[in-house]
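Here are a few friendly notes to read alongside the model. Please keep the viewer open as you go through them.

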Amino acid sequence: VLKIFTSGTDTQPIRYRPYGSERVIIDGSTAPAESLVQISGSYVEFRGFEVINARKTGISLWGTHGTRIIGNTITESYGGGIWIGHDTAGASSDNVVEGNLVYRNGLMNERRSMNGGWPAAIAVSLSDRTIIRSNTSFHNYGEGIGCLSSVGVQIASNVRYDNYSVLIYVENWEDTIVSGNFAFIAGDVRFYRKDTPAVGIAVANEATAVLLPSTGIRVFHNIIVG
């Protein structure tokens, strides 16, 4: 398990990258049943790694500000691919998830037997002003993007296909933009829920610990197919 606790600053972030052109794989096959890459440091950039076989979440950000997850590949996680947030409003904000490839995660629901609680490929929970941009997710056994109880988030220019239940799910969110995304169904029935393909974009107010009215949500210039 890789744990990053140290913070940089807005002008001097701490950057983690592979050396030169080397391929770096972080493999959780023999790791404990916890998130494989755990980042609680703010103003950290984590770029260009392959995170595989996590026994919980691939990459998790807890209580971070200004941390950037860029250009990574996350696959074969028992839980979700990327998770950003906290359990207290205001403790996480201004993070960026950009250009990542997230596929075959949420394996806890691979049999599609769960009634609820499956993890999203990319999840945001109580993380205000987070940007989720230009990521690709497919063949995950949970939502392509799942967002909960946050304000001022941008979901832009992502590609989502053949995920479970909903391709982009916005729940208890305020002042959010969902724009320029391409969400489609390619017909792989392994990711159907009750013999039905995923919904393209859904907005809801389910019961949760931190309730917000879903308001001020702008959904425009998206392409949804199937």
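The points below cover the conventions, the cores, the strands, a surface patch and the salt bridges.

1. Conventions. This is a predicted model, in which local features need pLDDT of at least 70, side-chain atom pairs count only at pLDDT 80 or more, and totals for chains, interfaces and linings use all residues. Residues are numbered from 1 along each chain as its sequence is written, and side-chain values use heavy atoms, with hydrogens and water left out.

2. Main core. The largest nonpolar core (buried Ala, Val, Leu, Ile, Met, Phe, Trp, Tyr and Cys residues joined through side-chain atoms within 4.5 Å) holds 31 residues. Among those with the most contacts inside it are Ile39, Phe46 and Val51. Buried here means under 20% relative accessible area, exposed over 50%, and partly exposed in between, with a 1.4 Å probe and protein chains only. Elements giving two or more residues to this core include β4 (37–39), β16 (145–151) and β19 (166–174); strands are DSSP runs of E, at least two residues, numbered from the N terminus. The largest share, three residues, comes from β19.

3. Second core. A separate core of five residues includes Leu167, Ala183, Ile185 and Ala198.

4. Strand β16. Six of the seven residues in β16 are buried. β16 pairs in the parallel sense with β13 over four bridges and with β19 over six; pairing requires at least two DSSP bridges between the strands. Ile122 stands opposite Ile145 in β16, while Gly146 has Tyr169 in β19 as its bridge partner.

5. Surface patch. Phe182, Ile223 and Val225 form a nonpolar patch with about 250 Å² of accessible area together. Patch members have over 30% relative accessible area and no salt bridge, and nonpolar side chains (Val, Leu, Ile, Met, Phe, Trp, Tyr) are joined within 5 Å. Areas come from the Shrake-Rupley method with a 1.4 Å probe; for residues, only the protein chains shown count as cover. Phe182 lies in β21 (residues 182–184) and is partly exposed at 34%.

6. Salt bridges. Taking a side-chain nitrogen of Lys or Arg within 4 Å of a carboxyl oxygen of Asp or Glu, the count is 10. Glu50 pairs with Arg23, the closest N and O atoms being 2.6 Å apart; Glu50 is partly exposed at 21%, whereas Arg23 is exposed at 63%.

7. Arg104. Arg104 forms salt bridges with Glu76 (2.7 Å) and with Glu110 (3.5 Å, N to O). Arg104 lies in the loop between β12 (101–103) and β13, and Glu76 in the loop between β9 (73–75) and β10, so their bridge ties together parts 28 residues apart in sequence.

Definitions and conventions
Patches are made of residues with over 30% relative accessible area and no salt bridge: like charges are joined within 9 Å, nonpolar side chains (Val, Leu, Ile, Met, Phe, Trp, Tyr) within 5 Å.
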